[in-house]
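Please walk through this protein with me, beginning with its overall make-up and then turning to its aromatic rings and one of its helices.

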Amino acid sequence: MTQLVKVQNFCVSADGFGAGVGQSFEHPFGHADPAILIGSWAGVTASWPTRTDTVNILSGDPQVNPHMHDWNVAFFENHEDDGSLIGFSIDQESVELNAFLAKEKRILADMAELLGKPDEASRYRDGATQLAGYINSCLFDEASGFYYDRQIAQGDVVDANGCVGKLLTARGRGPEGWSPLWAEVADKEKAARVREVMLSSQEFNTKVPLGTAALTNPAYDPDIYWRGRVWLDQFYFGVKGLENYGYRDDAQLLVNKLFANAEGLAGSGPIRENYNPETGAMQGASNFSWSSAHLYMPYRNFLKKES
């Protein structure tokens with residue numbers, strides 16, 4: 001549990017390692033130079049589009065860049081009351097990372113109860129509930145029925161729902177939108193709306209379903225790394241999320257489509273990094289370990305017969 005608590009309070013340095021050597025309130029990034037951190041690492045990994053497709057952003061790919069004019073992030077300085085700099089925060093609230101954080105807090109609460117630490121359990125459970133409320137109040141768009149990241153600008157004020165900034169709906173839909181279902185923090189009526197989007201043949205329900213961008217996403221392309229290709233980890237989060245909210249039959253249909261249409265999965269072909277959502281063609285690296293791990297989970301959950 002101690003290690004999980006450390007992850008809950010994790011910082012990252014400019015070289016990609018956890019900050020800690022020399023870390024203090026005066027030097028929140030330890031040995032790392034904050035200027036380098038902001039300029040060369042954190043900026044290009046701060047949001048779903050940039051975390052997952054940095055190569056295309058930096059390469060000037062004409063297929064992608066026209067749709068990415070507002071995909072940069074800014075950084076705010078965090079100061080003590082006396083004006084001293086203690087750290088930085090980005091201008092974007094991520095729905096997926098908040099969903100993961102809420103789930104982790106619930107897991108920590110369960111562990112604390114097993115260890116006989118009721119006060120810690122209550123603190124983590126309250127934190128999870130607070131995060132779930134924020135996700136459902138501030139990161140869901142009623143008009144399109146999906147969850148999105150939110151961007152904050154200097155001078156933004158709190159709206160009637162207690163939210164700051166704007167939802168990034170113009171960037172299109174991606175797998176981050178079903179992360180609250182996987183984490184079991186989505187309101188039931190919102191989960192039902194997300195299900196409609198996931199099952200639509202105009203959105204994510206392609207020949208191999210649940211790609212990394214919806215067909216309506218302005219940057220969608222089935223041959224671009226994280227702009228449409230189907231990754232098995234994101235697929236699993238989607239079908240497990242549907243099952244969590246009582247839509248097992250829908251999840252089963254999507255799993256059946258994956259195994260029937262993704263090249264080689266039902267036979268003796270290698271397990272690949274990702275798959276073309278429209279043709280099922282193998283893409284990316286061969287014998288890919290995290291695809292293998294996530295392939296076993298839907299097989300175990302939906303296809304393996306009970307002994």
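In this predicted model, the secondary structure of the protein comprises 11 helices and 9 strands. The chain has 307 residues, of which 46% count as buried, and the surface that the protein exposes amounts to about 15,100 Å², with carbon and sulfur atoms supplying 54% of that area. Among the contacts with a separation of 6 or more, 57% are made by residues 24 or more positions apart.

The aromatic side chains offer a way into the interior. A search of the whole structure returns 9 aromatic pairs, and one of these joins Phe146 and Phe204, whose rings are stacked with their centres 6.0 Å apart and an angle of 20 degrees between the planes. This pair links distant parts of the chain, since Phe146 belongs to strand 5 (residues 146-147) while Phe204 lies in the loop between helix 8 (188-199) and helix 9 (232-244), 58 residues apart. Both Phe146 and Phe204 are buried.

Phe204 also takes part in a pair with Trp178, and here the geometry is another one: the ring centres are 4.9 Å apart and the planes stand at 75 degrees, so the pair is classed as edge-to-face, because that class requires an angle over 60 degrees. Trp178 is found in the loop between strand 7 (166-167) and helix 7 (179-182), 26 residues from Phe204, and this pair too connects distant parts of the chain. Trp178 counts as buried because its relative accessibility is 0%, and Phe204 likewise has a relative accessibility of 0%, so Phe204 is assigned to the buried class. Taken together, ring pairs join Phe146, Tyr148, Trp178 and Phe204 into a cluster.

Charged side chains also meet aromatic rings in this model. The charged end of Lys103 sits over the ring of Trp182, at 5.0 Å from the ring centre, and Arg123 lies over the face of Tyr124, 4.8 Å from the centre of that ring.

Tyr124 leads on to helix 6, where it is one of the buried residues. Helix 6 spans residues 118-138, which gives it 21 residues, and the distance from its first C-alpha to its last is 30 Å, close to the 30 Å expected at 1.5 Å a residue. The buried positions of helix 6 are Ala121, Tyr124, Gly127, Ala128, Leu131, Ala132, Ile135, Asn136 and Cys138. In reading such a list it helps to recall that an α-helix has 3.6 residues a turn, so residues three or four places apart point the same way.

Notes: Residues numbered from 1 in each chain as written. Predicted model: local features only at pLDDT ≥ 70, side-chain atom pairs only at ≥ 80, totals over all residues. Heavy atoms only, no water. Helix = DSSP H or I, 4+ residues; strand = E, 2+ residues; numbered from the N terminus. Buried < 20%, exposed > 50% of the residue type's maximum accessible area, 1.4 Å probe, protein only. Contact = heavy atoms within 4.5 Å. Areas by Shrake-Rupley, 256 points an atom, 1.4 Å probe, with all protein chains shown as cover. Phe/Tyr/Trp six-rings, centres within 6.5 Å; stacked < 30°, edge-to-face > 60°. Lys NZ or Arg CZ within 6 Å of the ring centre and 35° of its normal. Expected span 1.5 Å × (residues − 1).
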